[in-house]
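Hello,

Here is the structure I said I would pass on. My notes follow below it.

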Amino acid sequence: MNDWQTWAAPAVVIVTLAILLWRNLCPAKEGACDEDCGCDKSD
Amino acid sequence: MSSPRTFALVGNPNTGKTTLFNALTGLRQKVANYPGVTVEKKTGIGRNRHGEEFTVIDLPGAYSLEAKSPDEEVTRAVLHGERADTPKPDAVLCLVDASNLERHLYLATQVMELDLPVIVVVNKTDTAEELGITVATKKLEERLGVPVVPMQAHARVGMEALQVALSAEPAKANWKPVEGDTAARYAAIGKLLEGAVAHSEDERITPSDKWDRVLVHPVFGWLILFGILGGLFFTLFSLAGYPMDLIDGAFGWLGEQVEARMAEGDLRALITEGIIGGVGGVVIFLPQILILFFFIGLMENTGYLARVSFMMDRLMAGVGLNGKAFVPLLSSYACAIPGIMATRTMESARDRLITTLIAPITSCSARLPVYVMLIALMLPAGTAGQKALVMLGLYVLSILGVYAFAYVFNRAFKQTDKTLLVLELPSYQRPSWREVGMEMFDRGKIFLRRAGTVILGLSIVLWALTTYPKDPKIEKQLADAEAVLEEQQQLLDSKSTEQNQREEAGNVVEAKTKGIQKLTRKQLAHSAAGKLGHAIEPMIEPLGYDWRMGIGLVASFAAREVFVSTMSIVYLGEEAEEDSVRERMAAQKRDDGTGKPAYDVRTCLSLLVFYVFAMQCLSTVAVTRRETNSWRWAILQVVYLTGFAYLAALATYQLSGFFV
Amino acid sequence: MSDLHHIGQLSEGESAELGSVELPEAAAERLAEMGMLPGASIRMIRRAPLGCPIEFEVGGARLALRRADAAQIFVQ
């Protein structure tokens, strides 16, 4: 068993959870558009 | 400024607006959402004769600016500059249909009263000619003082003239605002068109009519429709298998590469089982999504889709739906995600909501692996015919469920005002493969992005649930066993080993492999998912399930197809061939000590019924949330469907006790 | 002249002149916007294979309406 992997994996899980919760519970953060657009505020 | 930066494109639905939009913008298009509503925002970039770029906004189709649907409301609001996210356009392209000028000018004249420069595009002049209608566009140009461009957007005829108009100084129309109601407006339009439009006298039978005689025929119409649907399903469930196998292979290969380059460990497991396994499980549906949108796109592009709604309306009206719900529900048999997205074509928010809520009851393709596995367990000695019969029964059950819940929701959501169904049947036209292709590509992208991001995250979380917490004692035992295994494996691989050593090594390898499988299973029982399985066991016992199936149920709540791979881990401790998993499950005995099989007919049936109804797809929940703009309905979906699944499975298990 | 009352009673291919529309305001307005005004000419094209809805031709466009709604649209 590789030692570094043993803590790296849970770290990834926690980051993922954080992202999931943040995206779903704070949609205001996404700005005026939806995740659909390849949004670049060029015009 | 000499030429406008932003043009809005407005017109009735089904006018060929999209075709013109594509002609102006080519591939430089963006599809997004107007915030706050589930209306699509389409923008693109075009180039005029001076080489300057301009923006085109394809506003949702509308019959009038007296908005009666969310789509029309957006069009109205944007033209009035009322939307913070979309500034008022600099000029408007009004698309009207030459064969029905009066009706189309209703909206166009409303736009002309908005104090915005206007260019009028008179489209489908070829169809009009077939009907014996000629439009003197030059006369209209004189009267209105704005460019009036004849066009056949389909064939790209008239684009040069349009470019001239787009590159020139924009002008406001010479149009006096109409005072009064619809009749007054039509009267004013009549005056405008006096002497500018000629109808030929003879009654012509349009080519569209000839097609309709067959396609909407009381006998042939149905045969053709079922033929097309049959073809669609055949393609979806058999032909799609080839690309699906390819994708499966690709992900499998990817997993092998990672395993070869990374040392064994948690992170590697996370990557291979969690990420590759999880994302692969979704991407594998891409061929079906593409095929589905191809068929639907083709039907819509040619105008046939309206005929389908026309024919199916009666069947849907009985439960309070209308014909336009047919295609979204049909699509949901492949996958509810594009099905729910397709409800955007329905004007009534209430109808859209009901359709969205019942869409997951349709037996989507993700359930197929589960059905196949459970049916095989249920009828180990059964013929292919018997198995197919059970499968058919499950589909019939789902159809009944759709109707039943449509009826329930129809009664539950009181109708505030009776909605009027006005279905416009556009004239048929040759399919534009380019447009169909572009639509297919767009939808595919959206599917991948949506399902992929959510499922990726959830797969990782799910993997964590089935891995942590770990029992350190078992970990130690696993580490020891693996060390021995590797040692013995090396002996087997080495050429210098003698025969008796080789035999012994072989035995040890076999024993250790079995031991490791056993330990992994124990580790699973120790994990959060395992504990959850044990915790819900009392609740699911009346349904005929035990804690191992409980783990499968818990795990597949994110996505149904996960059930199969989870069962593999539960019974073997690792990813394995489906046959060996099934053998294991078939051999599994009940925990009550009677020695009877765990997966008997009653339990299998109960599990199947559960899977028909349960809401086990977090991607669908996510899409529902997005399309309805609130969590309320998404949560309702999960609760009512899973609750009903529980009761139905319970009833199935208990009642079957009297027969089996 | 046959004694018709509403457009749902027209037979295939038959034309008539529209009279009054006895539907709720929003619905009546929508129909008017689409060209179904008193005095306009309307022609019945066909019924759907299951009897409902009914396809009409109004002002060059093909519109399908349900039987129940058509029953509230009268002819002159």
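**Pairing inside chain B**

Strand β5 (residues 91-97) of chain B pairs with β1(B) in the parallel sense, over five bridges. Please keep in mind throughout that this is a predicted model. Within that pairing, B:Phe7 has B:Ala91 of β5(B) as its bridge partner.

β1(B) also pairs with a second strand: four bridges join β1(B) to strand β4 (residues 53-58) of chain B, again running parallel. There, the bridge partner of B:Thr6 is B:Thr55 in β4(B). Strand β1 (residues 6-11) of chain B has five of its six residues buried, so the rest of the structure largely encloses it.

**Domains of chain B**

The domain assignment splits chain B into domain 1 (6-199), domain 2 (220-441) and domain 3 (470-526). Taken over C-alpha atoms, the centres of domain 1 of chain B and domain 3 of chain B are separated by 74 Å.

**Where chain B meets chain C**

The contact is made by 29 residues from chain B and 28 residues from chain C. On the side of chain B that touches chain C, at least two residues each come from α3 (101-112), α7 (182-193), α9 (220-239), α13 (304-317) and β10 (422-424) of chain B. The largest share, five residues, is supplied by α13(B). By character, the residues on this side of chain B are 15 nonpolar, nine charged and five polar.

**A sheet that includes both chains**

β10(B), listed above among the elements on the side that touches chain C, is joined by three bridges to strand β4 (residues 61-65) of chain C, and the two run antiparallel. In that pairing B:Leu423 has C:Ala64 of β4(C) as its bridge partner.

Which strands make up the sheet, and in what order? The order is β10(B)-β4(C)-β3(C)-β2(C)-β1(C)-β5(C), an open sheet of six strands with antiparallel pairing. β10 of chain B and β5 (73-75) of chain C are the edge strands, each pairing on one side only. With direction ignored, neighbouring strands of this sheet are turned against each other by 45° on average.

At the β5(C) edge, strand β1 (residues 15-21) of chain C is joined to β5(C) by two bridges, running antiparallel. The bridge partner of C:Leu18 in β5(C) is C:Val75.

When you open the model, B:Leu423 and C:Ala64 are one place to look for the pairing between the two chains, and B:Phe7 and B:Ala91 are one for the pairing inside chain B.

Regards

Note on methods: Residues are numbered from 1 along each chain as its sequence is written. Chains are lettered from A and ligands numbered from 1 in the order in which they are written. This is a predicted model: local features need pLDDT of at least 70, side-chain atom pairs count only at pLDDT 80 or more; totals for chains, interfaces and linings use all residues. Two residues are in contact if their C-beta atoms, placed from the backbone, lie within 7 Å. Ala, Val, Leu, Ile, Met, Phe, Trp, Tyr, Cys and Pro count as nonpolar, Asp, Glu, Lys and Arg as charged, and the others, Gly among them, as polar. Two strands pair if DSSP finds at least two bridges between them. Domain bounds come from an automatic or database domain assignment. A residue is buried if 20 or more other C-beta atoms lie within 10 Å of its own, exposed if 12 or fewer, and partly exposed in between; C-beta atoms are placed from the backbone. Axes are lines fitted to C-alpha atoms, for helices over the stretch in contact, and angles run from 0 to 180 degrees between N-to-C directions.
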